[in-house]
Amino acid sequence: MTESEVRFGEWVAVRRHGARVAELVLDRPKAMNAISTEMAGSVTAACAALAADRTVSAVVLTSTHERAFCVGADLKERNSFTDADLGRQRPHTRAAYTSVLELPMPSIAAVHGFALGGGFELALSCDVIVADATAVVGLPEVSVGVIPGGGGTQLLPRRVGAARAAELIFTARRVPAEEARELGLVDILAAAGEDRADALALAERMAANSPVGLRAAKRALRLGHGLDLRTGLDVEDAAWRTVAFSGDRAEGVAAFNEKRTPDWPGE
């Protein structure tokens, strides 16, 4: 059940579900959540607030539009830009994608309809992507004379490998839900209209675990990816040390031995 909502500008909201789950809502339905300069700033501000909130254990990124998660950059806005305008916008849009990518707690994208360009990059910035049967994803930037600039050239090959990512980016093709699941572009396939509910249910399962453990595990996963094994294990060890002497670790062990549900202190 939604307990509260805080708005960040006109088009982004954060809703709380229970004690530990937050929903980051893209709410610009008239533009299919196209990312304008203003909306990018709102995403960044919302993520900064979430990152600083130690009571949030999992975040679900959702859309209020019935037929789209997010169609990417606001090309109508950009059509009026000079080269100087585009250069000035770049730090704001890059910050938005980075703010989702660097959320310290697990994040889940709930995707339906179109998730294209920057929209798909927002989803790729999350740890897990839940997509319903209506989802269509892709990085079509080269078809309009640019490249994926919200992390797509780096995040997609980490999911599907360099050759598959190259084929998808160079052809600019749109991939329907079932194929997207087969290729690993999305992780979980939901029934039509059930992406948000399934993603929130998954977030609740995650959030039942130690808040300290979740953040440390995400840090180890993200920082260790791509490193050689020995260095990666050092990253893991450093993350382990942040939780081994925490209140959450003490409570987790005690609850296990006492056969009860943990009451995580979150520290």
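Visitor: Where is the place of His65?

Guide: In this predicted model, His65 sits in the loop between β4 (58-63) and β5 (68-70).

Visitor: What makes His65 count as buried or exposed?

Guide: The relative accessibility of His65 is 11%, and since buried means under 20%, His65 counts as buried.

Visitor: How do you know that the side chain of His65 reaches the backbone oxygen of Pro29?

Guide: The distance from the side chain of His65 to that oxygen of Pro29 is 3.5 Å, and a polar contact asks for N or O atoms within 3.5 Å, so the pair meets the cut-off.

Visitor: What is the backbone oxygen of Ala19 next to a polar atom of, and at what distance?

Guide: A polar atom in the side chain of Arg16 lies 2.8 Å from the backbone oxygen of Ala19, a value within the 3.5 Å of a polar contact. Arg16 belongs to strand β2 (residues 12-17) and, with 16% relative accessibility set against the limit of under 20%, it counts as buried.

Visitor: Why are Glu5 and Arg15 said to form a salt bridge?

Guide: Their closest N and O atoms are 2.8 Å apart, and because a salt bridge requires a side-chain nitrogen of Lys or Arg within 4 Å of a carboxyl oxygen of Asp or Glu, the pair qualifies. Glu5 lies in strand β1 (residues 2-8) and Arg15 in strand β2, 10 residues apart, and the pair links distant parts of the chain. Glu5 also meets Arg7 in a salt bridge, at 3.4 Å from N to O, and a network of salt bridges links Glu5, Arg7, Arg15 and Asp27.

Visitor: How many salt bridges does the structure hold?

Guide: There are 16 salt bridges, and one of them joins the side chains of Arg196 and Glu23 at 2.7 Å, N to O. Arg196 lies in helix α8 (residues 195-207) and Glu23 in strand β3 (residues 21-26), so this pair ties together parts that are 173 residues apart in sequence.

Visitor: Why do Arg196 and Glu23 count as buried, partly exposed or exposed?

Guide: Arg196 has a relative accessible area of 33%, which falls between the 20% and 50% limits and therefore makes Arg196 partly exposed. Glu23 has 1% relative accessibility, which is under 20%, so Glu23 is buried.

Visitor: Why is the pair of Trp240 and Phe245 called stacked, tilted or edge-to-face?

Guide: The structure holds one aromatic pair. Trp240 and Phe245 form this pair, with 6.2 Å from centre to centre and 75° between the planes; because centres must lie within 6.5 Å and planes over 60 degrees apart count as edge-to-face, the pair is edge-to-face. Trp240 is partly exposed, with a relative accessible area of 47%, whereas Phe245, with 68%, is exposed, since exposed means over 50%.

Visitor: How do you know that Arg28 lies over the face of Trp11?

Guide: Arg28 lies at 4.2 Å from the ring centre of Trp11, and the distance limit for a charge over a ring is within 6 Å.

Visitor: What is said of the phi of Ala172, and where is this residue found?

Guide: Most residues other than glycine have a negative phi. Ala172 is not a glycine, yet its phi is positive, about 60°. Ala172 is found in the loop between α6 (162-171) and β10 (175-176), and its 14% relative accessibility is under 20%, so Ala172 counts as buried.

Key
Residues are numbered from 1 along each chain as its sequence is written. This is a predicted model: local features need pLDDT of at least 70, side-chain atom pairs count only at pLDDT 80 or more; totals for chains, interfaces and linings use all residues. Side-chain values use heavy atoms; hydrogens and water are left out. Helices (H or I, at least four residues) and strands (E, at least two) are DSSP runs, numbered from the N terminus. Buried means under 20% relative accessible area, exposed over 50%, partly exposed in between (1.4 Å probe, protein chains only). A polar contact is a pair of N or O atoms within 3.5 Å; within protein, one must be able to donate a hydrogen and the other to accept it, and residues adjacent in sequence count only if both atoms are side-chain atoms. Rings of Phe, Tyr and Trp (its six-membered ring) pair if their centres lie within 6.5 Å; planes under 30 degrees apart count as stacked, over 60 as edge-to-face and the rest as tilted. A charge sits over a ring if NZ of Lys or CZ of Arg is within 6 Å of the ring centre and within 35 degrees of the ring normal.
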